[in-house]
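Here is a walk through one protein model, piece by piece, with the sequence and the fold side by side. Keep both in view as you read.

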Amino acid sequence: MSRIGKLPITVPSGITITMDGSVCVVKGPKGEVRQEITGGITISQEDGIATVNRPDDSKQSKALHGLYRSIIKNMVVGTSEGHKVTQELVGVGYKVTNQGNVVDFTLGYSHRIMLRLPEEIKVTTEMVKGKSPSITMECADKQLLGQCAAKIRSFRSPEPYKGKGIRFRGEVLRKKAGKTAAG
């Protein structure tokens with residue numbers, strides 16, 4: 001049996017997990033998250049503990065067992081506590097501001113980049129003198145949050161020589177040595 005798939009999921013009070021056909025719906029104080037469940041995977045609940053069950057021992061079922069258990073666990077954590085991602089803009093002249101869910105980036109290109117984030121994501125930006133500008137996003141859906149963070153990082157991914165670019169807070173980059181002068 002899958003080591004991850006067989007672990008029980010503790011469901012805090014105030015969180016409800018329901019199956020609407022093949023769609024798992026988790027509701028809580030931070031919001032509601034939906035995920036389609038395929039492959040015959042089922043969810044059973046009793047006394048505040050949810051378990052994910054698979055129909056047989058086929059290779060496909062074993063793979064989906066652990067996957068959906070992790071996804072449902074992230075849904076429970078997201079709707080009870082929420083997920084949070086902070087990114088820093090490292091580079092001279094890099095700026096970020098937001099008007100609601102529209103984020104405006106100045107990243108050294110000839111134009112500014114405007115990005116409209118989904119309504120489920122709560123975004124705040126911070127520009128403090130002496131520190132790198134930062135953007136903080138909070139959401140109940142970890143998949144959506146990670147996808148938006150990856151999109152933002154793709155605008156100016158960190159380069160290995162000077163370390164300029166958009167990186168996650170606390171991320172350590174391996175820097176490369178530059179060219180040495182000949183002779």
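Let's start with a term that a hairpin depends on: two strands pair if DSSP finds at least two bridges between them. What you are looking at is a predicted model, so keep that in mind throughout, and let's begin with a turn.

In the hairpin of S5 and S6, two residues sit between the strands, and aspartate 47 there takes a positive phi near 55 degrees. That is worth a pause, as aspartate 47 is not a glycine. Most residues other than glycine have a negative phi. Is aspartate 47 buried or exposed? With 81% relative accessibility, aspartate 47 counts as exposed, because the cut-off for that class is over 50%.

Now follow the strands on either side of this turn. S5 and S6 (residues 49-53) run antiparallel and are joined by five bridges. Right by the loop, glutamate 46 stands opposite isoleucine 49 in S6. Another bridge pairs glutamine 45 with alanine 50, again in S6.

The hairpin belongs to an open sheet of three strands, ordered S1-S6-S5 and paired antiparallel. Which strands stand at its edges? They are S1 (9-10) and S5 (42-46); each has a single partner strand, so one side of each is left without a neighbour in the sheet.

A second hairpin is made by S2 and S3, again with two residues between the strands. Here the turn holds glycine 21, which has a positive phi of about 75 degrees. S2 (residues 16-20) and S3 (residues 23-28) pair in the antiparallel sense over five bridges. One of the matched pairs is aspartate 20 with valine 23 of S3.

Further along the chain comes helix H1, which covers residues 59-80. A quick check on its geometry: at 1.5 Å a residue, its 22 residues should span 32 Å, and its end C-alpha atoms are 33 Å apart, which agrees. Quite a list of H1 residues is buried, including Leu64, Tyr68, Ile71, Ile72, Met75 and Val76. The list isn't just greasy side chains either: Ser61, His65, Arg69 and Thr79 are among the buried residues of H1 too. After the helix you meet glycine 82, whose phi is positive, near 90 degrees.

Next up is another open sheet of three strands, in the order S8-S9-S10 and with antiparallel pairing. S8 (95-99) and S10 (113-116) are the edge strands, each with a single partner, so one side of each has no neighbour in the sheet. From one strand to the next, the twist averages 20 degrees. S8 and S9 (residues 102-106) are antiparallel and are joined by five bridges. To find your place in that pair, look for threonine 97, whose bridge partner in S9 is aspartate 104.

With the strands and H1 in place, turn to the empty space. Rolling a probe the size of a water molecule over the atoms shows where empty space is left. The largest pocket has a volume of about 270 Å³. It is lined by 16 residues, and the closest to its centre are Lys30, Glu120, Cys139, Ala140 and Asp141.

Which strands supply at least two residues each to that lining? S4 (31-36), S7 (83-90) and S12 (134-139) do, and S4 gives the largest share, with four residues. What classes of residue make up the lining? There are nine charged, three polar and four nonpolar residues.

Two more stops take us towards the end of the chain. Alanine 150 lies in helix H2 (residues 142-155). Its relative accessible area is 43%, so alanine 150 is partly exposed. Alanine 150 and isoleucine 43 are 107 residues apart in sequence, and their C-alpha atoms are 30 Å apart in space.

Leucine 173, finally, is found in the segment after strand S13 (165-168). With 24% relative accessibility, leucine 173 counts as partly exposed. Leucine 173 is 15 residues along the chain from proline 158, and the C-alpha atoms of the two are separated by 8.1 Å.

Technical notes:
Residues numbered from 1 in each chain as written. Predicted model: local features only at pLDDT ≥ 70, side-chain atom pairs only at ≥ 80, totals over all residues. Heavy atoms only, no water. Axes fitted to C-alpha atoms, helices over the stretch in contact; angles between N-to-C directions. Expected span 1.5 Å × (residues − 1). Buried < 20%, exposed > 50% of the residue type's maximum accessible area, 1.4 Å probe, protein only. 1 Å grid on protein atoms, 1.4 Å probe; cavity = no way out; pocket = protein on both sides within 12 Å on 5 of 7 lines; lining within 4 Å. Points joined across faces, edges and corners; volume = space filled by probe spheres on them. Nonpolar A, V, L, I, M, F, W, Y, C, P; charged D, E, K, R; others polar.
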